[in-house]
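Here's a quick look at some backbone oddities worth finding in the viewer. Pull up the model and follow along.

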Amino acid sequence: MSPKDIEPWLFQVEPFAGESLSHFLGRFRRANHLTPNGLGQRAGIGAVVARWEKFYLNPFPTPEEWQALASVVGVEVDRLLEMLPPRGVTLKPKPIMLCGACYGDAPYHRVQWQFKENLGCVSEAPAKQARHPLRLLSKCTNCGTPFPIPALWQQGECLRCFLPFATMAKRQKSL
């Protein structure tokens, strides 16, 4: 057996409930010291991972691409698909949105924050009641810097002024 025949092992990362695909892929890549292209190469799907991390899913990934990604990240395809909006709901890739109060509760990006119709922090309950009666943020409340894609959220703070996302809840406006 040659060194080329040995498949390197990867750290597994468990997805959070409601987590966005972008945030999950970023956490997985950091745990395994991979770039978006490195993850795409390992899965045999090329450079599309970088597009997916930016919420650009047009053209929509094929079943073969989902399966290839699932086999590398160690998560079932159905679970990966849960990190996208439900059928009929439009995803808005820009601006990146955030609820500081939710982030303070559990530090990860929720896919529902990127739903086109969503302006506030809404629970996943069928009644769509406000979880925190706050408008979503699209930029830092301190310096006004737009949020980067969730795949880049390493410390949970503004990349320019370092204000923690959870602290931003104090300056979120009510719904």
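## A buried residue with positive phi

Start with Phe 55: at 7% relative accessibility, Phe 55 falls under the 20% cut-off, so it counts as buried. Keep in mind that this is a predicted model. The backbone is what makes Phe 55 worth a look here: phi is positive, about 65 degrees, although the residue is not a glycine. You'll find Phe 55 in the loop between H3 and H4.

## An exposed residue with positive phi

Now hop over to His 33. Phi is positive here too, near 50 degrees, and again the residue is something other than glycine. His 33 sits in a loop, the one that runs between helix H1 (21–31) and helix H2 (36–43).

So is His 33 buried or exposed? Its relative accessibility is 74%, which is over the 50% cut-off, so His 33 counts as exposed.

## Cis bonds leading into proline

Back to the stretch between helix H3 (48–53) and helix H4 (63–73), because that loop also holds Pro 59. Check the peptide bond from Asn 58 to Pro 59: that bond is cis, with omega near 5 degrees.

Where does Pro 95 lie? Look in the loop between helix H5 (77–81) and helix H6 (100–105). The peptide bond that joins Lys 94 to Pro 95 is cis, and omega there is near -10 degrees.

How values were computed:
Residues numbered from 1 in each chain as written. Predicted model: local features only at pLDDT ≥ 70, side-chain atom pairs only at ≥ 80, totals over all residues. Heavy atoms only, no water. Helix = DSSP H or I, 4+ residues; strand = E, 2+ residues; numbered from the N terminus. Buried < 20%, exposed > 50% of the residue type's maximum accessible area, 1.4 Å probe, protein only.
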